[in-house]
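Let's take a walk through this one together. Have a look at the fold, and then we'll start with a question.

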Amino acid sequence: MIDLRPFATLGGANHGWLDAKHHFSFAGYHDPARMGWGNLRVWNDDIIAPKSGFPPHPHRDMEIVTYVREGAITHKDSLGNLGRTEAGDVQVMSAGTGITHAEYNVEDVETRIFQIWIEPTSRGVAPSWGARPFPKGERSGRFVTLASGFTEDADALRIRTDARIVAASVKAGDTIDYPLGKARRGYLVPATGSVTIDGITVNARDGAAISDVDVLRVTAVEDSELILVDAA
């Protein structure tokens, strides 16, 4: 089953410094039909103005993954971590027992991110943060795991949950498969481009909520950059 969620139907708010779109209920946007997808709770599509950002604020018991689409985000937290994550790269914050962090766009251009929250499998663990580059060339024509709660994904960033986040770059006309499994739920968003799944067109920044699919087959209508959450 594929439930298409076109970008134009997403909730959101424009705060001037932040233009945010919400795939699921978040902050002032509430839709009882869009409270999450499996253990995936939040997928925000954020555009952050230059020289602005999220001031220090707390979180606990949530796995928060940031995928940078354009520009860069600079992170600072109460654990003493400081890092700058550029376009195509990923950072992961396990909020655990509690962490305070700030996310700023210190660049001279807009920063565009996907911010993804997944509910943790276990609560009450120590918080942590990490980031790493994922060269787009390495995911050409195939899905590469960016963050995962599964031990077999040794090269991915660690998250403390029954989920993984994968990405792929697909040339127009090419088809790639992902072994999702009928017991799992997938949520796919093209960062750029356009794809089809079971005859349904998913354009850039649309969401596709996927269930009861053994093998997910995606065909690119145009050159596309894909992000997929494989959720419990």
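Which strands each supply at least two residues of the lining of the largest pocket? Keep in mind that this is a predicted model. The answer is a list of eight entries to find on screen: strand 2 (11-14), strand 3 (18-22), strand 4 (40-48), strand 5 (52-59), strand 6 (63-70), strand 9 (90-94), strand 10 (99-105) and strand 11 (111-118). Strand 5 gives the largest share of that lining, with four residues.

Now for the pocket itself. About 380 Å³ of space lies inside the largest pocket, and 27 residues line it. If you want to find the middle, look for Leu18, Phe26, Asn44, Phe54 and Gln115, the lining residues that lie nearest its centre. As for chemistry, the lining splits into 14 nonpolar residues, 11 polar ones and two charged ones.

Time to zoom out to the whole chain. The protein chain has 20 strands and zero helices. Its radius of gyration is 17 Å, close to the 17 Å that the globule rule gives for 232 residues, so the chain is as compact as a globular protein of that length. Measured out along the principal axes, its C-alpha atoms fill a box of roughly 45 × 40 × 35 Å.

What about inside and outside? Of the 232 residues, 54% count as buried. The accessible surface adds up to about 9800 Å², and 51% of that belongs to carbon and sulfur atoms. Finally, consider who touches whom: among contacts in the chain with a separation of 6 or more, 72% come from residues 24 or more positions apart.

Notes:
Residues are numbered from 1 along each chain as its sequence is written. This is a predicted model: local features need pLDDT of at least 70, side-chain atom pairs count only at pLDDT 80 or more; totals for chains, interfaces and linings use all residues. Side-chain values use heavy atoms; hydrogens and water are left out. On a 1 Å grid over the protein atoms alone, a cavity is a set of points where a 1.4 Å probe fits but cannot get out, and a pocket is an open set with protein on both sides within 12 Å along at least five of seven lines; lining residues have an atom within 4 Å of a point. Grid points are joined across faces, edges and corners, and a volume is the space filled by probe spheres set on the points. Ala, Val, Leu, Ile, Met, Phe, Trp, Tyr, Cys and Pro count as nonpolar, Asp, Glu, Lys and Arg as charged, and the others, Gly among them, as polar. The radius of gyration is taken over C-alpha atoms; the globule rule is 2.2 Å times the number of residues to the power 0.38. Buried means under 20% relative accessible area, exposed over 50%, partly exposed in between (1.4 Å probe, protein chains only). Contact means heavy atoms within 4.5 Å. Accessible areas come from the Shrake-Rupley method with a 1.4 Å probe; for residues, only the protein chains shown count as cover.
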